[in-house]
Structure formats: C-alpha cells, structure tokens
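Student: Could we take a close look at the strand pairing in this model? I would like to start from one pair and then see what surrounds it.

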Amino acid sequence: AELPAQGASTQVDVIGRWKRRRLCVERDFVMEKFSLTDGQVLTYRQPEGQFSNPNSDCERHCLEWIRREAGLIAEACRSPGHPARLLELHSGCGTNTVALAPFFDEIIAVEINRVLVEAAEVNLQVNGIQNVKL
C-alpha cells in the first residue's frame, strides 16, 4: 500500500447500517476543507446520512459563485442606516451560510433537522462566524 503524502493523515470511519439500526465506529461525520481562489479556506462538518456535494471541485466552484454574487447583492441592498440582511431557509449544516456570512451584516438561517443545526453550529464556530442566528 502507498503511504499518504507527507503531512497528510488518513482516518477511516466505519458506519454499519442494518434493519433500521446504525453502528458508528469513532464518529458519524466527515470534516471537509475548501480552499477558494480568493484565499479563503472554509471548513465544514458534514454529518453522515445528510446531503453534501460528493464532487469537491464542483462544490468549490459553487461556493465561489455564490460568494461572488452575494457580494454584489449585499452591496446593492446596503445603504446608510440599512444593513444588508439575509434570510436563509433550509440552511442545512450551514455550507452556504458560512460562505455568505462575510458579505452580510446579519443572517437568519432556518433549519428544522436537529442534526444539521448542530453541524451548522460547529461550522459557524470553526469558521469564526458570529453574525448568524440559527
């Protein structure tokens, strides 16, 4: 077997499912990092069994596109005495929330799935985001 690149680590998480049961060895999530072309690095906790884009290149391009467009929208909405605010429905684990937060003065993110809300809380903290209310 080939060893990982110098400085890289390898971890295998095992999750077994059978007859409506689940057994996790170690953890039931993965951590992803996306390095964007503007130098920003976004880190996400993605819970097992929940949607996330399996194509990391596609997801990076989506994050870059949404950030570019959000910057334009936020500036168009912002005026003296009127901060730029965003209401995000079905926010999931906060993938877009984290990406959009630097462009808005306040974000209200709505999600009903408790597992995703917990992951979003972690993602906001890990990325140093403080202008979001879940």
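Tutor: Let's begin with strand β6 (residues 106–110) and β7, which run parallel and are joined by two bridges. That meets the requirement for a pair, at least two DSSP bridges between two strands. Within this pair, I107 stands opposite V132 of β7. A word on the ground rules: this is a predicted model, so local features need pLDDT of at least 70 and side-chain atom pairs pLDDT 80 or more, while totals for chains, interfaces and linings use all residues. Residues are numbered from 1 along each chain as its sequence is written, and side-chain values use heavy atoms, with hydrogens and water left out.

The pair belongs to an open sheet of three strands, in the order β5-β6-β7, with parallel pairing. Its edges are β5 (85–89) and β7 (132–133), each of which pairs on one side only.

V132 also takes us inward. It is among the residues that touch the most other members of the largest nonpolar core, along with L42, Y44, L63 and F104, in a set of 19 residues. Such a core consists of buried Ala, Val, Leu, Ile, Met, Phe, Trp, Tyr and Cys residues joined through side-chain atoms within 4.5 Å. At least two core residues come from each of β4, α1 (56–77), α2 and β6. Helix α1 gives the most, four residues. Over the whole chain of 134 residues, 33% count as buried (under 20% relative accessible area with a 1.4 Å probe on protein chains only; over 50% is exposed, and partly exposed lies in between).

Now step back to the chain. It has three helices and seven strands, in the order β-β-β-β-α-β-α-β-α-β along the sequence. These elements are DSSP runs numbered from the N terminus, with at least four residues of H or I for a helix and at least two of E for a strand. The C-alpha atoms fill a box of roughly 60 × 40 × 20 Å along the principal axes.

The pairing is antiparallel in β1 (residues 14–18) and β2 (residues 21–25), which share five bridges. Here R17 has R22 in β2 as its bridge partner. The two strands form a hairpin with two residues between them, and K19 in the turn has a positive phi of about 40°. R20 lies in the loop between β1 and β2 and has a positive phi of about 60° although it is not a glycine. R20 is also exposed, at 89% relative accessible area.

Antiparallel pairing also links β3 to β4, through seven bridges, with M31 opposite R45 of β4. Five residues separate the strands of this hairpin, and G39 takes a positive phi near 95°. Back beside the parallel sheet, H90 sits in the loop between β5 and α2. H90 is not a glycine, yet it has a positive phi of about 55°, and it is exposed, at 73% relative accessible area.

What lines the largest pocket? There are 16 lining residues, and F51, S52, S91, C93 and T95 lie nearest the centre. Both β3 (29–35) and α2 (95–100) give two or more residues to this lining. A pocket is an open set of points on a 1 Å grid over the protein atoms alone, where a 1.4 Å probe fits and protein lies on both sides within 12 Å along at least five of seven lines; lining residues have an atom within 4 Å of a point.

The second largest pocket brings R22 and R45 back, since its lining includes both, together with D28, F29, P47 and E48 among others. Two or more of its lining residues come from each of β4 (41–47) and α3 (114–126), and α3 has the largest share, four residues.

Finally, the cysteines. Why does C62 form no bond with C58? Their sulfurs are 4.1 Å apart, which is too far, and C58 holds the closest cysteine sulfur to C62. C62 itself is partly exposed, with a relative accessible area of 39%. The structure holds zero disulfides, a disulfide being a pair of cysteine sulfur atoms within 2.5 Å.
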